[in-house]
Amino acid sequence: MSILKIARMGHPVLVQKAKAVDDPTRPEIRQLVADMVETMIDANGAGLAAPQVHVPLRVVVFQAPPERVPAEVEAQDGAAEEAFDHTAPLTVLINPEIEVLTEDRAYGWEGCLSVPGLRGLVPRPTHIRYTGLDLSGDRIEREARGFHARVTCHECDHLEGILYPQRMDNLQDLIFETEARHWGSARPSEAETA
């Protein structure tokens, strides 16, 4: 296994649509996934998409443990409530598709290994169904809520050439991680804006 170089925002591989994998059982796909998992864990990420490691294929890996929400921002705008809704084990998903099961959206803080040092408040669907293939070519189908849904949507966005800032409603909610503790005190209250 190898730790791979992560593409950063601005690299062309991150803005193109990834290609479908024709055979998920190929040894090079298995090697890619092993390297992606090692890279994700080394970088302390919750997920990683193949385009982030300069491979424009429809492959994502992710995990959704409750502790992924940073303590300094977990209480902002309900992010903590959403984050602890549901979790997911380490998942490999090849050629994924997402079906949104509700019109409800929740805001949560997201970071990205391709956008290092920043966090953004992003609306995402609260309930989805995703399908895809595993490394054996077997079909995976799951429903996801909360952080599990969020991380799945985030990683699958990479396959469409979309980074999380493109999903944000307000770029004032794009902050440096080091400044997160100041974010709430800098925002005007609802009374001040009324």
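These legends walk through a few close-up views of one predicted model. Residues are numbered from 1 along each chain as its sequence is written, and side-chain values use heavy atoms, with hydrogens and water left out. Because this is a predicted model, local features need pLDDT of at least 70 and side-chain atom pairs count only at pLDDT 80 or more, while totals for chains, interfaces and linings use all residues.

**View 1. The whole chain, with its five helices and eight strands.**
Helices (H or I, at least four residues) and strands (E, at least two) are DSSP runs, numbered from the N terminus. Reading from that end, you meet them in the order α-β-β-α-β-β-β-β-β-α-β-α-α. Of the 194 residues, 47% count as buried; buried means under 20% relative accessible area, exposed over 50%, and partly exposed in between (1.4 Å probe, protein chains only). Look at contacts (heavy atoms within 4.5 Å) with a separation of 6 or more: 71% of them join residues 24 or more positions apart.

**View 2. The largest nonpolar core, built from 17 residues.**
A nonpolar core is a set of buried Ala, Val, Leu, Ile, Met, Phe, Trp, Tyr and Cys residues joined through side-chain atoms within 4.5 Å. Here Val60, Phe62, Leu93, Ile128, Tyr130 and Val151 touch the most other members. Two or more residues each come from strand 2 (59-64), strand 3 (88-100), strand 6 (127-133), strand 7 (139-145) and helix 3 (146-159). Helix 3 chips in the most, with five residues. Zoom in on Leu93 and you'll find Val60, Phe62, Tyr130 and Ile140 among the residues in contact with it. There's also a second, separate core of 15 residues, including Val21, Val33, Val53 and Ile94.

**View 3. Helix 3, with 14 of its 14 residues buried.**
This helix reaches 21 Å from its first C-alpha to its last, close to the 20 Å expected at 1.5 Å a residue; the expected span is 1.5 Å times one less than the number of residues. Just past the helix, Gly161 takes a positive phi of about 80°.

**View 4. Glu110 and its charged partners, Arg124 and Arg150.**
Glu110 sits in strand 4 (residues 105-112) and is buried, at a relative accessible area of 4%. Its side chain makes a polar contact with that of Arg124 (2.8 Å); such a contact is a pair of N or O atoms within 3.5 Å, where within protein one must be able to donate a hydrogen and the other to accept it, and residues adjacent in sequence count only if both atoms are side-chain atoms. Glu110 also meets Arg150 in a salt bridge (2.6 Å, N to O), meaning a side-chain nitrogen of Lys or Arg within 4 Å of a carboxyl oxygen of Asp or Glu. Arg150 lies in helix 3 and Glu110 in strand 4, so the pair ties together parts that are 40 residues apart in sequence. Arg150 is buried too.

**View 5. Arg26 between two acidic partners, Asp22 and Glu28.**
Arg26 forms a salt bridge with Asp22 (2.5 Å, N to O) and another with Glu28 (2.7 Å, N to O). Asp22 is exposed at 66% relative accessibility, whereas Arg26 is partly exposed at 25% and Glu28 is partly exposed at 46%.

**View 6. Met40, buried in helix 1 (residues 27-42).**
Met40 has 0% relative accessibility. Its contacts include Gly45, Leu48, Phe62 and Leu90. Gln63 touches Met40 as well, and the C-alpha atoms of these two are separated by 9.8 Å.

Key
Lists of a residue's contacts leave out its neighbours within four places in sequence.
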